[in-house]
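Biologist: I would like a close look at a single part of this model rather than a tour of everything. Please choose one strand, and take me through its partners and its surroundings in one connected account.

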Amino acid sequence: MSQSETESAGEETADSNTGELGVLDVREQVTELSEALLGYPFDGITAVERADDGGWRAVFEVVERSAVPDTQDMIGRYELQLSPSGDVQEYSLQQRFKRSELQGSKL
C-alpha cells in the first residue's frame with residue numbers, strides 16, 4: 001500500500017515537516033517499547049489515540065505469565081503516554097486478567 005493509500009485509509013503517518021509521529025509510527029514504537037519497559041512478551045495493541053496535549057496515548061497488552069492451556073495466560077493491559085515526538089512520558093498498569101476473560105477486571 002502506498003503512502004497516499006495509507007493516508008486515504010485513515011491511518012496517519014509521520015509528518016516529515018514537523019517531525020511528529022503518526023498512528024503507524026506510534027503503533028511500531030509501542031510494539032518495540034513494551035518488552036523493553038516491562039520485560040514481558042508483547043501481545044497486542046488495543047488503542048492508539050491523540051492525547052489532549054498533542055502527544056499520544058496507547059493501550060497495549062503483554063503476557064505476564066504463560067500457562068497451559070493458553071486461555072489461562074495472565075495478561076497485563078498497560079497505558080503508555082508519549083510526547084508528540086515519541087518520548088515516553090509515563091506508563092501504567094490498567095488491568096490484569098486471564099486471557100479467557102472477555103473484559104478483565106479493573107485494578
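Modeller: Strands here are DSSP runs of E with at least two residues, and they are numbered from the N terminus, as are the helices. In that numbering Gln95 belongs to strand S4, which covers residues 88–98, and Gln95 is a convenient way into the strand I have chosen, S3. The model is a predicted one, so what follows describes computed geometry.

Gln95 counts as buried because its relative accessibility is 8%, where the cut-off for buried is under 20%. The side chain of Gln95 is joined to that of Arg77 by a polar contact of 2.3 Å. Arg77, in turn, is one of the buried residues of S3.

For orientation, the protein has two helices and five strands, and along the sequence they follow the pattern α-α-β-β-β-β-β. Buried residues make up 31% of its 107 residues, whereas in S3 nine of the nine residues are buried. This cover extends to both faces of S3: Met74, Gly76, Tyr78, Leu80 and Leu82 are buried on one side, and Ile75, Arg77, Glu79 and Gln81 are buried on the other.

The two strands that flank S3 can be taken in turn. S3 pairs with S2 in the antiparallel sense over nine bridges, and within S3 it is Ile75 that stands opposite Val63. The loop between S2 and S3 holds Pro69, and the peptide bond from Val68 to Pro69 is cis, with omega near 0°. S3 and S4 also pair in the antiparallel sense over nine bridges, with Lys98 in S4 as the bridge partner of Met74. The hairpin of S3 and S4 has five residues between the strands, and Gly86 in its turn has a positive phi of about 100°.

Beyond S2 lies a further pairing, since S2 (residues 56–65) pairs with S1 (residues 42–50) in the antiparallel sense over seven bridges. Val48 has Ala58 in S2 as its bridge partner. The hairpin of S1 and S2 has five residues between the strands, and Gly54 there takes a positive phi near 90°.

One face of S3 leads into the interior. The largest nonpolar core has 11 residues, namely Leu21, Val26, Val30, Leu38, Trp56, Ala58, Phe60, Val62, Tyr78, Leu80 and Leu82. At least two residues of this core come from each of helix H2 (23–38), S2 and S3 (74–82), while S2 gives the most, with four residues. Such a grouping can be set beside a general tendency: in soluble globular proteins, nonpolar side chains tend to be buried together.

The helix that shares this core deserves a few words. In H2 the buried residues are Leu24, Val26, Gln29, Val30, Ser34 and Leu38. As background, an α-helix has 3.6 residues a turn, so residues three or four places apart point the same way. H2 has 16 residues, which at 1.5 Å a residue should span 22 Å, and its end C-alpha atoms are indeed 22 Å apart. H2 nevertheless bends by about 30° at Glu32, and it is followed by Gly39, whose phi is positive, near 80°.

The end of S3 brings these elements together in the contacts of Leu82. Leaving aside residues up to four places away in sequence, Leu82 touches Val26, Gln29, Leu33, Gly55, Trp56, Asp87, Val88 and Gln89. Gln29 lies in H2, and the C-alpha atoms of Gln29 and Leu82 are separated by 9.8 Å although the two residues are 53 residues apart along the chain. With that sequence limit, Gln29 touches Leu21 and Gly86 as well as Leu82.

Just past the strand, Pro84 is found in the loop between S3 and S4. Pro84 is classed as partly exposed because its relative accessible area is 25%. Outside the four places on either side of it in sequence, Pro84 touches Glu20, Leu21, Asp53, Gly54, Gly55 and Trp56, and Gly54 is the residue with positive phi in the hairpin of S1 and S2. The C-alpha atoms of Pro84 and Arg50 are 8.9 Å apart, with their positions 34 residues apart along the chain.

To return to the strand itself, S3 pairs with S2 and with S4, both of its faces are covered, and it is one of the elements that each supply at least two residues of the largest nonpolar core.

Conventions:
Residues are numbered from 1 along each chain as its sequence is written. This is a predicted model: local features need pLDDT of at least 70, side-chain atom pairs count only at pLDDT 80 or more; totals for chains, interfaces and linings use all residues. Side-chain values use heavy atoms; hydrogens and water are left out. Buried means under 20% relative accessible area, exposed over 50%, partly exposed in between (1.4 Å probe, protein chains only). A polar contact is a pair of N or O atoms within 3.5 Å; within protein, one must be able to donate a hydrogen and the other to accept it, and residues adjacent in sequence count only if both atoms are side-chain atoms. Two strands pair if DSSP finds at least two bridges between them. A nonpolar core is a set of buried Ala, Val, Leu, Ile, Met, Phe, Trp, Tyr and Cys residues joined through side-chain atoms within 4.5 Å. Contact means heavy atoms within 4.5 Å. The expected span of a helix is 1.5 Å times one less than its number of residues. The bend at a residue is the angle between axes fitted to the seven residues ending there and the seven starting there.
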